[in-house]
Amino acid sequence: MKFEVVVDGRTVEIDSQQLGGALEVEPGVYSVLLEGVSYEIRILPSPEGLTASVEGQRFAVEVRDPRDAGRNSLAASGSGRQNVTAPMPGKVVRVLAVKGDQVEGGQGLVVVEAMKMQNELKAARPGRVMEMRAREGETVGAGDILVVLE
């Protein structure tokens, strides 16, 4: 799964497969193995949001999970590009649109099967398919961009 972490105002995209492991050892305290080095990270609430304490240094942090993208996003409101992402790991079983297609809001674009259930991913608004990254039969991870609309 891919997600964004904002540390002291700098956005970093992290693929959970890059992490060697993460374990919550007690509430709010995590042991993280990154590139062979173990770190203890303490997550603390602060007036501005969350703070992470790592080896005595404190950082303002925010984690952005792509599965949390709501209908109030720029893509749903009609401005900018819309990235249609996989909500969970699965397999692409059908591609319903091709590059260049003009699509309507609510129109199906890709069908992803996860845990024996098929999920049709739809356009949040009208647009044109700029990129179709999904391929039938391929395995995708949560947060992977499958279709780009403009």
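**Figure 1. Arginine 81 and its salt-bridge partner, glutamate 150, in the predicted model**. Arginine 81 has a relative accessible area of 46% and is therefore partly exposed (buried means under 20% relative accessible area, exposed over 50%, partly exposed in between; 1.4 Å probe, protein chains only). Its side chain meets that of glutamate 150 in a salt bridge, with an N to O distance of 3.0 Å; the term denotes a side-chain nitrogen of Lys or Arg within 4 Å of a carboxyl oxygen of Asp or Glu. The two residues lie 69 residues apart and link distant parts of the chain: arginine 81 sits in the loop between helix 1 (74-77) and strand 8, glutamate 150 in the segment after strand 15 (145-149). Glutamate 150 is likewise partly exposed, its relative accessible area being 46%. The model is predicted: local features need pLDDT of at least 70, side-chain atom pairs count only at pLDDT 80 or more, and totals for chains, interfaces and linings use all residues. Residues are numbered from 1 along each chain as its sequence is written, and side-chain values use heavy atoms, with hydrogens and water left out.

**Figure 2. Salt bridges of glutamate 40 and glutamate 120**. Glutamate 40 pairs with arginine 42 at 3.3 Å, N to O. Relative accessibility is 45% for glutamate 40 and 35% for arginine 42, so both count as partly exposed. In the salt bridge between glutamate 120 and lysine 122, the closest N and O atoms are 3.8 Å apart. Glutamate 120, at 41% relative accessibility, is partly exposed, as is lysine 122 at 45%. Over the whole structure, a search finds four salt bridges.

**Figure 3. The open four-stranded sheet**. The strands follow the order 8-15-13-10 and pair in the antiparallel sense; pairing requires that DSSP find at least two bridges between two strands. Strand 8 (82-85) and strand 10 (102-103) form the edges, each pairing on one side only. Strand 10 joins strand 13 (residues 127-132) through two bridges, in antiparallel fashion. Here glutamine 102 stands opposite arginine 128 of strand 13.

**Figure 4. Overview of the protein**. One helix and 15 strands are present, taken as DSSP runs numbered from the N terminus (helices H or I, at least four residues; strands E, at least two). Of the 150 residues, 27% are buried. Among contacts (heavy atoms within 4.5 Å) between residues at least 6 apart in sequence, 47% join residues at least 24 apart.
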